[in-house]
Amino acid sequence: MRIGDLRCIACGAGLDETGDDELRCRECPARYAVRAGTPRMLLPGARTAVDTDIGRRTAASFGYEWRRFGELREEWAKNFADYLQPHTPASLAGKRLLDVGAGSGRHSLHAARAGARVTAVDLGASIDVARRNLPASVMTVEADAEGLPFEPDSFDVVMAIGVLHHLPDPERALREIARFARPGGHVHVYLYWLPEQRWQRCVLRAVGALRRVTVRLPHRLLHALCYPLAALLLALFVAPYRALRARPRTARLAARLPLKTYADYPFGVLVNDQFDRFSAPLERRFTAGEVRAAMEAADLEDVVVLPHHGWIADGRRPSLGDD
């Protein structure tokens, strides 16, 4: 555990270990528990996203999800490389990387394997799943995305993959996490997209109407319901895609089918993603222009926005001395 990397969220001062599974601020009365190898950087009474009803429900939803679906898979190596574009995993070697909303820790793991010095942050039970999945070289911290306990300008890469669109104000959260990238460092995010085709928007409206019910269901019940739903999607789209792509004469038709990304993943991943889609209380979607505008509003330069079952966006914080 790298205590020197942490700062008090009440006053910004450094912390000391007390020897009693606790960290003590050097300048103010704040104290932080350390449980199961993870500093718990949340102060009672502090106004953070998790203190709201929607924040607690979101943390509970993802805590359940990663406890049930948090096993590591070999397929996640390619998944990480895909989400990291236009960068490559090799480009992370020797870099300090902050993974905000680490979930099960799968992206943190592959960043660490690529040679990055990784700090993984999440809330509730999710961070404990990440701690169990990650090597000791990765520091895990329970903290709010809008109350991060680090020195600003201290990471080479700040990454938030599949996180910001579940927060009450994604643009504000993006501006907040961007502060922790050093001058010349990169901020790298993934956000849900707003479909352009009419039929896709019709499907999205139907899913949205259904979500008004499913986000209130007990997690165990929703989990059970996701199995027949995933089986239906497998039969309607994924299995036909697998069959059609194998034949040159039908490959073009196969490319038009939705959900084809699941053809190369186990059935459990399809179940997992249905739970994710129907359980998270908040879900925001963006156009490419909105993503670019949000990145630029966070004072990022050289912004790149790429489609990948949503939008991958990368931007650089201005270097010192830049005009």
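Let's start with a small puzzle: Asp276 is buried, yet this residue takes part in no salt bridge. The nearest side chain of opposite charge belongs to Arg277, and it lies 6.8 Å away. That is beyond reach, because a salt bridge needs a side-chain nitrogen of Lys or Arg within 4 Å of a carboxyl oxygen of Asp or Glu. Keep in mind as we go that this is a predicted model.

Where does Asp276 sit? You will find Asp276 in helix α9, which covers residues 267-279. Leaving aside residues up to four places away in sequence, Asp276 touches Phe62, Glu65, His166 and Tyr192.

Now turn to helix α1, which holds Ser61. With a relative accessibility of 1%, Ser61 counts as buried. Its contacts, again not counting residues up to four places away in sequence, are His219, Phe275, Ser279, Ala280 and Pro281. If you would like a sense of span, take the C-alpha atoms of Ser61 and Met295: the two residues are 234 apart along the chain, and 27 Å separates these atoms.

From here, let's follow helix α7, residues 219-245. Look at Leu234, where α7 bends by about 45°. Which residues of α7 are buried? They are Leu222, His223, Cys226, Ala230, Leu233, Val238 and Tyr241. A little helical geometry helps when reading such a list: an α-helix has 3.6 residues a turn, so residues three or four places apart point the same way. Cys226, one of the buried residues of α7, has a relative accessible area of 2%. The cover over the buried residues of α7 includes α1 (53-69), α6 (198-214), α8 (251-254) and α9. Two of the helices we have just visited, α1 and α9, are thus among the elements that cover α7.

Next, move to the strands near the start of the numbering. Here four strands form an open sheet in the order β1-β2-β3-β4, and their pairing is antiparallel. The edges are taken by β1 (15-17) and β4 (38-39), each of which has a single partner strand, so one side of each lacks a neighbour in the sheet. Further in, β2 (residues 22-25) and β3 (residues 31-35) run antiparallel and are joined by three bridges. To see how they line up, pick out Leu23, whose bridge partner in β3 is Tyr32.

What about the cysteines? A search of the whole structure finds zero disulfides. Cys25 is in none, and the nearest cysteine sulfur, that of Cys11, is 3.4 Å away. The pair does not qualify, because a disulfide calls for two cysteine sulfur atoms within 2.5 Å. Cys25 is also buried, at 6% relative accessibility.

Charged pairs make a good last stop. Although Asp276 has no salt bridge, the search of the whole structure finds 20 of them. One returns us to the sheet: the side chains of Asp16 and Arg26 meet at 3.0 Å, N to O. This pair links distant parts of the chain, with Asp16 in strand β1 and Arg26 in the loop between β2 and β3, ten residues apart. Asp16 is partly exposed, at a relative accessible area of 30%, whereas Arg26 is exposed at 53%.

A second salt bridge brings together the side chains of Arg172 and Glu146, 2.7 Å from N to O. Here too distant parts of the chain are linked: Arg172 belongs to helix α5 (residues 170-178), and Glu146 to the loop between β7 (139-142) and β8 (155-161), with their positions 26 residues apart. Both partners count as partly exposed, Arg172 at 40% relative accessibility and Glu146 at 25%.

For a third, look at Asp302 and Arg316, whose side chains form a salt bridge of 3.0 Å, N to O. This one spans two strands, with Asp302 in β10 (residues 301-307) and Arg316 in β11 (residues 311-316), 14 residues apart. Are its partners buried or exposed? Asp302 is exposed, with a relative accessible area of 54%, while Arg316 is buried, with 16%. Finally, Arg2, Asp5, Arg96 and Arg117 are joined into one network by salt bridges that share partners.

Methods. Residues numbered from 1 in each chain as written. Predicted model: local features only at pLDDT ≥ 70, side-chain atom pairs only at ≥ 80, totals over all residues. Heavy atoms only, no water. Buried < 20%, exposed > 50% of the residue type's maximum accessible area, 1.4 Å probe, protein only. Lys, Arg positive; Asp, Glu negative; His and termini not counted. Contact = heavy atoms within 4.5 Å. Pairing = 2+ DSSP bridges. Bend = angle between axes of the 7 residues up to and from the residue.
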